[in-house]
Amino acid sequence: MVGKDASLELIDAVPVRHPWRWVGAAAILLALILVIQSMTTNPKFYWGTFRTYVFDVLVIQGVGWTLILTASSMVIAIVLAILLAFMRQSDNPLFRYVSWVWVWFFRGTPVYTQLLFWGSIGALYPKIIVGVPFGPELFSWDTATVINATVAAIVGLGLNESAYLAEIFRAGLKSVDNGQMEAAEALGMRRSKVMWRIILPQAMRVIIPPTGNETIGMLKTTSLVLAVPFTLDLTFVTNALASRTFLPIPLLMVAAFWYLVITSVFMVGQFYIERHFGKGVDNVMKAPVKATEVAASAHANPVKTTDGTTEGGKQ
Amino acid sequence: MTDTTSTASPVPAGVKPLVDIQGVHKFFGEHHVLKGIDMSVKPGEVSVIIGPSGSGKSTLLRCINLLETISAGRIYVHDALIGFKEINGKLHDLNTKQIAGQRREIGMVFQRFNLFPHKTALQNVIEAPTQVKRQSKAAAKLKALELLEMVGLSDRANFYPAQLSGGQQQRVAIARALAMEPELMLFDEPTSALDPELVGDVLEVMKKLAKSGMTMIVVTHEIGFAREVGDTLTFMDGGVVVESGNPRDIIANPQHDRTKEFLSRVL
C-alpha cells in the first residue's frame, strides 16, 4: 500500500466527453420501444395463445426432448472429435487417413440426408448380424429395435457434428506451442499422456468458444430430426400445435422463446467452462494464490504436509 | 573410443564416460548441421558447449534426449545406445515406450522454459513423478517442495507460470526436470531469454547443482559460468568441434583462430 502524502497532488483530470454515445443510446431505446409497442398492440401476434401454450405439457416435453437430443449428440460428437483430432496428429498414417476421410464424408454430405439415412437404415438392413464373413452368424438383432427413432436422431446428429468439431479440436491442438510437447516428452511422458494432460487442457481455451457456438447451432439443428422421423422435439411439437390451432405465429414465438431461454442457460455454462480452462492464462492476477501456505506448513511439520497440502494446495 | 576431452576432466582417467558421443552427423534435409561430433562426458562432470548460433550446439543437445534423431554415428548414455537397438549389426528404431524410458534418465531445461501454463509451479514439478513414475501425490509434493526450496522458490509453489518472472520460471523448470531424478541434465541456453538482472539467480542454481555432483551438459553464452563451473569447454562452429579442453585454458589461451574470434566477440 502506498501511503498518501499530503503534499502529493493527485491528478483529477476531466474525462473526454462522448455526447454522440448518448444520442445513439436514445435512438436505440426509441427503436426498441417502437418494436415492443408494435408487438404488444398488434392483435395478430395472439399473445393470449402464446400464454396458453408456452407452458403446455407437450411444449415442455418438446423442450426436454430437444435438450436430450442436443446434449447426447454433442457428447457423442465431442468424444469422437477428440479421438479424430488425436488421430489426425498421430504418427500412424492409418489413423491420419481414417480421420481425414471421416471428416470429409460427414462434413461433405447434408445433415438432413444423413438423418434420412439413419431413419431408413431398418429398411436397408432389417437385421444386424455379427458373424464370420461368409461363415456362421453369431448374434443378430432386429435393426428397428436397436436403432429406433431416438437412437437414429442422436447418432445422425452426433456423427455429423463430430466432423465439424474434429476440425475445431484440431485447430485448438495446433494452437498450443510446440515447446509444450517437447518439454513433456523430455520428462519421459508418453505421447498419449502428453496430449491428454498437457496439450488438450491448454487447447480447450481455444476450443470452448467455437464449441459453444456449435452447441447452440445443434440446439436449432435438432429441428431437422423430422427427417428420421422423430416427432417429439420442440419445433415439431409447436408446428403440430400451430396446424391444429391454425395460428402459426404465436406458436413460432413459443418455440423461439424456449430456444432463447436454453441458449441463455448454455451461455452461462460456457462462461464457467471458459473460466476453468483459462486458469493460469486469462485474468491470471485474479487467480487464487496462497503463496506461503503450502511452504510454511511443509517446514512446520513435514509429515502432516502430505495431508495438509492435498486440500490446501489448489488443484 | 576417441576421447579428446578426457585430459581436461578433473574426474580420474579410466572412469567410464556417462555420455559418449561418437561420430555423430545430423542432416535436416540437405542441410548438414552436425558433421562428425565426438565428445564424452564423465559422471559428475560439467561440460559446457559454446559457439556461434547455427553452430549445431543446440541440435547436438537435442539429439542426446531424442528430440532430434541422429543421421549417423552413435550416442551412448550410461552404456545404452540412444534411440536405437542393435540387433545383428543392424539398427532398429526404439518404440515410443522405450524412447520415453530413455528420456526419463535425462533432464532437459529449455531456453524458453516451456513450463505448463495451466499448472502451478508445484503442479508442474509433480506432473512427471506422479504421471510417469506413478509416485503418490503426497510423496511427489514433499519432494517437489524440497526442490522448489533448493531453487529458492518454495514461497511460489502455488503461483502459475504467468505470475512468475522469467528467472523464476526457469528455476521452476530446473526443479521440474530434477523431480524425475535424472542422472544427466541438459541445459539449452537456459539464460538466453532472461533479462540480464535475472540471469544470476539461474546460474546460482546451476552452480549449486554442479557442486552436488550432477552430470551436466550446458549450451550457453555465459563465458563466466564456463570458466567458473565448467570442467570441460567445447567450442563448436559450423557443425564441428573446433577445440575442447579445460575452460580456463581455452578462454585464456584459445588455440584456433575461430575460437579466438568468437571469444573476442562475446567476452
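**Notebook: two sheets, a helix pair and a few odd residues**

I began in chain B, where strand β11 (residues 232–237) and β12(B) pair in the antiparallel sense over 5 bridges. I picked one pair to look at: B:Thr234 has B:Ser244 in β12(B) as its bridge partner. I keep in mind that this is a predicted model.

**The six-stranded sheet of chain B**

Next I asked which strands make up the sheet that holds β11(B) and β12(B). I read off 6 strands in the order β8-β9-β10-β3-β11-β12, forming an open sheet with mixed pairing. At its edges I found β8 (106–109) and β12 (240–245) of chain B, each pairing on one side only. From one strand to the next, the twist averages 15 degrees.

Then I looked for helices on this sheet. α1(B) packs on it and touches β3 (46–50), β8, β9 (184–188), β10 (215–219) and β11 of chain B. I noted that the direction of α1(B) makes about 150 degrees with that of β9(B). Helix α5 (residues 166–178) of chain B packs on the sheet too, touching β8 and β9 of chain B. The direction of this helix makes about 170 degrees with that of β8(B).

**The four-stranded sheet of chain B**

I moved to another open sheet in chain B, with 4 strands in the order β2-β1-β4-β5. Its pairing is antiparallel. Why do β2 (31–41) and β5 (80–81) of chain B each have one side without a neighbour in the sheet? They stand at the edges and each has a single partner strand, so one side of each is left free of a neighbour there.

I checked β5(B) against its partner. Strand β4 (residues 72–77) of chain B pairs with β5(B) in the antiparallel sense, over 2 bridges. In β5(B), B:Ala80 is the bridge partner of B:Val77. Helix α1 (residues 57–64) of chain B packs on this sheet, where it touches β1 (19–28), β2 and β4 of chain B. Its direction makes about 65 degrees with that of β2(B). I had already met α1(B) on the six-stranded sheet.

**Chain B as a whole**

I tallied the secondary structure of chain B: 9 helices and 12 strands. The radius of gyration is 18 Å, close to the 18 Å that the globule rule gives for 267 residues, so chain B is as compact as a globular protein of that length. Its C-alpha atoms fill a box of roughly 50 × 50 × 40 Å along the principal axes.

I also looked up the record. UniProt lists "domain: ABC transporter" (unreviewed entry) for residues 19–263 of chain B. Over those residues I read 37% helix and 28% strand, with the end C-alpha atoms 26 Å apart.

**Chain A: what the record says**

For chain A, UniProt gives "domain: ABC transmembrane type-1" (unreviewed entry) at residues 63–270. That stretch is 77% helix and 5% strand, and its end C-alpha atoms are 20 Å apart. UniProt also places the feature "transmembrane region" (unreviewed entry) on several spans of chain A, including 97–118 and 138–160.

I compared the model with two of these spans. Residues 97–118 of chain A are 91% helix and 0% strand, with end C-alpha atoms 24 Å apart. Residues 138–160 of chain A are 70% helix and 22% strand, with end C-alpha atoms 30 Å apart.

**A helix pair in chain A**

How do helix α5 (residues 111–119) and helix α8 (residues 149–174) of chain A cross? Their axes come within 9 Å and cross at roughly 145 degrees. The crossing is right-handed. Among the contact residues I marked A:Leu115 and A:Trp118 of α5(A), and A:Leu157 and A:Leu159 of α8(A). By class, the contact has 8 nonpolar, 4 polar and no charged residues.

**A hairpin and two unusual spots**

Strand β1 (residues 127–131) and strand β2 (residues 137–142) of chain A pair in the antiparallel sense over 5 bridges. A:Ile129 stands opposite A:Ser140 in β2(A). This hairpin has 5 residues between the strands.

Most residues other than glycine have a negative phi, and most peptide bonds are trans. I found an exception in the loop between β1 and β2 of chain A, where A:Phe134 sits. A:Phe134 has a positive phi of about 60 degrees although it is not a glycine.

My last stop was the peptide bond from A:Val228 to A:Pro229, which is cis, with omega near 5 degrees. A:Pro229 lies in the loop between α10 (191–221) and α11 (234–245) of chain A.

Definitions and conventions:
Residues are numbered from 1 along each chain as its sequence is written. Chains are lettered from A and ligands numbered from 1 in the order in which they are written. This is a predicted model: local features need pLDDT of at least 70, side-chain atom pairs count only at pLDDT 80 or more; totals for chains, interfaces and linings use all residues. Side-chain values use heavy atoms; hydrogens and water are left out. Axes are lines fitted to C-alpha atoms, for helices over the stretch in contact, and angles run from 0 to 180 degrees between N-to-C directions. A crossing is left-handed if the near helix is turned anticlockwise from the far one by less than a right angle, and right-handed if clockwise. Contact means heavy atoms within 4.5 Å. Ala, Val, Leu, Ile, Met, Phe, Trp, Tyr, Cys and Pro count as nonpolar, Asp, Glu, Lys and Arg as charged, and the others, Gly among them, as polar. UniProt positions are given in the numbering used here, feature names are shortened, and annotations may be inferred rather than shown by experiment. Two strands pair if DSSP finds at least two bridges between them. The radius of gyration is taken over C-alpha atoms; the globule rule is 2.2 Å times the number of residues to the power 0.38.
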